[in-house]
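I opened the model to look up a few local features and to note where each of them sits along the chain. My entries follow in the order in which I checked them.

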Amino acid sequence: MITRVIKRTVPDLPSGRQAVFTPQSTEEDSMLAALHMRQIGFGDQGSVEVALVWSLDGSDSHSKVFTGALAPFMYSAALEAFEHFVTLDHPSAVLYISDRTFRHEIQAASASFPGLTVVDAARGSLLDLIGKAVAALDDHNRFAHHRAWRAELDRRAALPELVVATDASKGSGRRGVGVACVSGEGGYSSKSYPQADTVLVGELLAIALAFKAFPDRRLHILTDSKVALSCLAMTRSRLLDKHSGNTIAVVDIIRKRAAHREIRYSWVRGHAGHELNEIADRLAVAARRHDEARVDPSIRKEINRNILEQMNLAAQAA
């Protein structure tokens, strides 16, 4: 099966011509290459990593790593590596393949690659290339988390800015606030803080909640509290002069969560028909009342769903 795949797919180069190798008299004149395979895991969750390392005319070596799933065809990454090797298009090449089965299949298709010698054992310079192939796979795995994190950062940066409204609700003459945040995409979070003693602390806690509820996005935060925005714009020394310890503590939390993130803040007039602000207000009021009345969590979720449905209905009517 592998031989048929090799003959059908590998010889067709991007230029539309077949690779043609012209035999040379000595190994020293040839391109030397090693193709080393490594299996990671088993079954449907397993994968295969392949390192191709080559050296031209005794010069510095080059390497490239290919990866593929173990199922349904474990040699897909090896074929991709071999295809890359063929595109190097050197007139004479000596290749060692670590996997015995794949090596025999390539040898069986050798008529398609005149000038290519696939050897059964590595020695001398080929042995050095195998060591470099193993090192390339080790490096590939060692820095996998860096590549994954970079890919995640790129994914986040590509997402559009998320508009999030925040609000707080405090009962008259009582301690405790309810806070909420809601995004233009319908995501939300709400929470009660029974010990919070001012509306300002509540407004800041709502902004802090938005950072926690939407960690993967660039945010445009809307608040109807000009005082909260002024606190976020103050220097720390100015903040210490103007506000209490609770306010300063929440501002510190916001600044820590906002570090290394792209954030915008805007003021919107409260109770003026702004859809997201109205929904955030209703969610905050509900969070405070739920805590005061000790409402069952399942009922709280149902009430919050009903509030969010109003936003969906408004969007449909627009």
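I looked first for charge on the surface of this predicted model, and I found a positive patch formed by Lys191, Lys212, Lys256 and Arg257. Of these residues I followed up Arg257, which I located in helix 9, spanning residues 245-258. I noted Arg257 as partly exposed, because its relative accessible area is 33%, a value between the 20% and 50% cut-offs.

I then turned to His243, which I placed in the loop between helix 8 (236-242) and helix 9. Leaving aside residues up to four places away in sequence, I listed its contacts as Leu200, Val227, Cys231, Met234 and Ile248. For one of these, Cys231, I also looked up the C-alpha separation from His243, which is 8.6 Å across 12 residues of chain.

Next I checked the backbone, keeping in mind that most residues other than glycine have a negative phi and that most peptide bonds are trans. I found a cis peptide bond joining Ala71 and Pro72, with omega at about 5°, and I placed Pro72 in the loop between strand 3 (61-69) and helix 2 (76-87).

I recorded a positive phi of about 65° for His260, which is not a glycine; His260 is in the loop between helix 9 and strand 10 (263-267), and I entered it as exposed because its relative accessible area is 87%.

I also recorded a positive phi, near 55°, for His271, which I found in the loop between strand 10 and helix 10 (275-293). With a relative accessible area of 60%, His271 went into my notes as exposed.

Conventions: Residues numbered from 1 in each chain as written. Predicted model: local features only at pLDDT ≥ 70, side-chain atom pairs only at ≥ 80, totals over all residues. Heavy atoms only, no water. Patch = residues over 30% accessible without salt bridge, like charges linked within 9 Å, V, L, I, M, F, W, Y side chains within 5 Å. Areas by Shrake-Rupley, 256 points an atom, 1.4 Å probe, with all protein chains shown as cover. Salt bridge = Lys/Arg side-chain N within 4 Å of Asp/Glu carboxyl O. Lys, Arg positive; Asp, Glu negative; His and termini not counted. Charge placed at Lys NZ, Arg CZ, Asp CG, Glu CD. Helix = DSSP H or I, 4+ residues; strand = E, 2+ residues; numbered from the N terminus. Buried < 20%, exposed > 50% of the residue type's maximum accessible area, 1.4 Å probe, protein only. Contact = heavy atoms within 4.5 Å.
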